[in-house]
Every structure is written in C-alpha cells, then in structure tokens.
Amino acid sequence: MKAHIIAVFLVLFGTIANAQKTFTNPLLPTGPDPWAIYKDGYYYYTNSTGHNITIWKTKNIAYLSSAEKKVVWTPSPGKEYSKELWAPEIHFFQNKWYVYFAADSGNNNDHRMYVLENASADPLQGEWILKGKLTTPEDKWSIDGSAIELNGKLYFIWSGWKGDVNGEQDIYIAAMKNPWTIEGNRTLLSKPEYEWELNGDLNSPNDPAHVSVNEGPEFLVHNDKIFLIYSASGCWTDRYALGMLTANVDADLLDAASWKKSATPVFQSSAANKVYAPGHNSFFVSPNGKENWILYHANSNPGDGCGNKRSPRAQKFTWNADGTPNFGEPVAEGVQLDVPAE
C-alpha cells in the first residue's frame with residue numbers, strides 16, 4: 001500500500017514538475033494589449049480591461065493564469081477619463097511607478113492619454129494617484145502611449161490623429177520633461193503607406209467607411225540599435241500585423257530622418273497555426289536575463305475582431321545577423337513551450 005502511495009506521489013510530482021517547465025498559449029483566456037515589466041524578481045503585467053487598471057504579479061510570465069492580481073485604480077464616473085480605458089502600461093522611472101493609459105468620456109473622439117503614479121516599491125501596494133492628463137502636443141486624439149529613458153532622456157511615443165477627424169492613425173514621438181509631462185513638438189515617425197498597413201474598412205454608421213492604422217508603438221533596444229515595433233491595419237481585420245522602424249541609439253530620435261521604416265511586416269497572422277491578427281505587443285527578458293520574448297495578443301479564429309476574444313501569448317525570439325529582431329511565426333495554441341529560463 002505504501003509503495004502504491006509513493007508511486008502515485010512520484011507520478012503527481014513529476015507531472016507538476018513537467019507542468020512548471022512548459023506552458024502553452026494563450027496565457028489567459030482574454031487580455032488585449034498585454035504589457036509586462038520585470039523588476040526585483042517579479043514581472044508586473046497589465047492589459048486592457050476597458051474599465052479599470054489591473055496589475056498581475058508573478059515570478060514567471062508563464063504562470064500568469066495563477067498569478068496574484070489586483071485592481072489598483074478605477075476611474076470616478078462622469079469624468080473625461082471614465083470610459084474605454086485602453087492599453088495600460090506600467091513603467092518605473094525616477095524611483096516611482098507610472099501607468100500610462102488612454103481613456104475617454106464615452107465618445108471615442110475624446111480619447112487622450114493619462115498618467116497614474118505610485119511611490120511604493122511594490123506597485124500592488126501603496127496608492128495610485130492620478131497625475132492627470134498627459135497632454136500630447138497640439139492636444140489631438142491620442143492612444144497607445146509608451147515611454148523610454150535612453151541616454152539620460154525620456155521619450156514618449158503614441159498613436160494619434162494629425163487633425164481632429166478620424167480616418168488615419170499615425171505614430172508620433174516627443175520629448176518628456178518628466179514622467180508625466182511632454183515638452184516640445186511632436187514628430188511624425190510613421191503613417192500607413194504600404195498595402196499591408198491599409199486594411200481598415202468599417203461597416204458601422206457611427207464610424208468612417210475606412211480607417212488606416214499605425215498604433216501600439218513599442219521600443220526595443222539591442223546593442224547600438226533602437227527599434228520601434230508597431231501594429232498596422234485595423235485591429236478589426238485579420239491583416240493586423242507588426243511593422244518596424246529602426247534607428248541608431250545615439251541618433252536624434254526626435255528627427256524623423258533618423259528612422260528607417262521596413263517595407264514588409266515583421267510578424268503577422270498564421271492561418272496554418274490558426275493565429276490571427278497578432279499585434280499590440282510588448283517585450284520582456286527571461287528571469288535569467290538570457291532570453292528575449294515577445295508578448296502579444298491574437299485571435300484564435302478569423303473574423304474575431306477587436307473585442308475580448310483577443311488573448312495574450314508569449315514566445316521567444318532571436319536576432320538576425322544584421323542585429324534586427326526575428327520574431328518568427330506565431331506559435332499555435334496548445335504547443336508546449338519551455339517556460340522563460342530562470
């Protein structure tokens with residue numbers, strides 16, 4: 001009897017051990033616009049919920065489904081930022097935590113960027129305070145903001161409108177005076193121009209007939225290069241894909257001439273693997289610091305669109321001989337992947 005119990009225990013232990021060595025996508029059943037940052041032995045993850053800011057805390061992104069999570073901030077009703085909270089990102093600048101997110105009053109035309117601040121060492125503790133609206137130059141429609149500190153300077157990137165009318169989303173960059181304030185002018189870095197960026201027909205009486213999209217910009221630094229990876233075409237289409245701009249890290253990042261745009265997508269749908277509309281990504285490094293990972297959302301079926309069917313997924317990527325990232329092809333659901341190396 002004892003031998004039988006021991007055998008069962010060993011089988012169970014082995015199953016648990018194996019489960020901890022591999023994972024499968026998706027990481028959560030739903031989670032558009034996934035973002036993660038690693039600090040002091042933990043990953044802090046967030047994604048769009050639409051109505052609040054929720055943060056997950058985990059030792060390994062592969063264990064996200066069982067991670068501690070907490071709603072850290074909910075907007076007051078009736079404000080200009082009470083509705084449609086999109087694409088939150090959590091950053092650590094100047095010894096404080098910041099969350100950047102887009103929100104509106106219930107009218108999409110009102111979408112602007114906002115900033116939360118927390119002085120606690122653990123972002124799930126302490127108090128998140130609304131620093132206010134992060135007014136982008138010319139105060140136009142703005143979403144999908146991200147920030148980076150490079151060579152002692154802070155930069156902010158986002159997706160916005162040139163004017164006040166919907167129809168095209170472009171990628172802009174500006175300098176930051178501090179983590180909650182932009183200064184100077186905005187520079188246009190990318191607009192939809194290639195065929196794979198121009199898929200955006202809509203069939204809604206409340207929207208334009210077509211919107212061309214560049215959105216979800218994210219920085220990625222490797223050696224002497226800085227890459228801006230962005231999402232192109234409408235997220236409501238299966239043609240949603242990732243594009244790339246490249247610059248030298250010591251270049252003037254506020255000068256559009258410093259950036260070179262790739263003519264083809266760097267990550268896109270895979271009908272063979274049944275992964276559709278992959279996009280709005282972020283990046284993280286494994287706990288041991290040796291592996292590079294892309295974190296992105298995608299749909300499991302064609303035509304699933306921009307709603308909560310989008311789920312977060314992660315996979316390793318490598319570097320090409322010329323120093324550019326090679327993201328490969330989206331991995332199919334259910335494929336066993338090694339967890340990020342600890």
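**Strands E15, E16 and E17**

I looked up Phe-227 and found that it stands opposite Thr-246 in E16. I am working on a predicted model, in which local features need pLDDT of at least 70, side-chain atom pairs count only at pLDDT 80 or more, and totals for chains, interfaces and linings use all residues. I number residues from 1 along each chain as its sequence is written, and side-chain values use heavy atoms, with hydrogens and water left out.

My labels follow DSSP runs: helices are H or I with at least four residues, strands are E with at least two, and both are numbered from the N terminus. I count two strands as paired if DSSP finds at least two bridges between them.

I noted that E15 and E16 pair in the antiparallel sense over eight bridges. E16 also pairs with E17, again in the antiparallel sense, over two bridges. There, Leu-245 has Lys-261 in E17 as its bridge partner. As background, I wrote down that strands of a sheet pair through backbone hydrogen bonds, either parallel or antiparallel.

Is E16 enclosed or open? I found seven of its eight residues buried, so E16 is largely enclosed by the rest of the structure. Buried means under 20% relative accessible area, exposed means over 50%, and partly exposed is in between (1.4 Å probe, protein chains only).

**The loop after E16**

I then looked up Ala-257, which lies in the loop between E16 and strand E17 (260-261). Ala-257 counts as exposed, at 68% relative accessibility. I compared its place with that of Ala-247: the two are 10 residues apart along the chain, and their C-alpha atoms are separated by 9.1 Å.

**The disulfide**

I searched for disulfides, meaning pairs of cysteine sulfur atoms within 2.5 Å. The count came to one. It joins Cys-235 to Cys-306, with 1.8 Å from S to S. I read 120° about the S-S bond, and the link of Cys-235 and Cys-306 is right-handed.

What does the pair tie together? Cys-235 lies in the loop between strand E15 (225-232) and strand E16 (241-248), and Cys-306 in the loop between strand E19 (292-299) and strand E20 (311-319), so the link ties together parts that are 71 residues apart in sequence. I checked the accessibility of both ends. Cys-235 is buried at 12% relative accessible area, whereas Cys-306 is partly exposed at 27%.

**The sheet of E18 to E21**

I traced an open sheet of four strands in the order E18-E19-E20-E21, with antiparallel pairing. Strand E18 (276-285) and strand E21 (325-326) stand at the edges with a single partner strand each, so one side of each is left without a neighbour in the sheet. I looked at one of these edges: E20 and E21 pair in the antiparallel sense over two bridges. Trp-319 stands opposite Pro-325 in E21.

**Pockets**

I used a 1 Å grid over the protein atoms alone: a cavity is a set of points where a 1.4 Å probe fits but cannot get out, a pocket is an open set with protein on both sides within 12 Å along at least five of seven lines, and lining residues have an atom within 4 Å of a point. Grid points are joined across faces, edges and corners, and a volume is the space filled by probe spheres set on the points.

I found about 610 Å³ of space in the largest pocket. Its lining has 31 residues, and those nearest its centre are Trp-86, Asn-108, Cys-235, Trp-236 and Cys-306. Both cysteines of the disulfide are thus in that list. E6 gives the most to this lining, with four residues.

The second largest pocket holds about 520 Å³ of space. I counted 22 lining residues for it, with Trp-35, Ala-36, Ile-148, Phe-219 and Phe-283 nearest its centre. E10 gives the most to the lining of the second largest pocket, with five residues.

**The cavity**

How many cavities of 30 Å³ or more does the structure hold? I found one. Its lining includes Asp-33, Trp-35, Glu-89 and His-280. Strand E6 (83-93) and E18 are the elements that give two or more residues to this lining.
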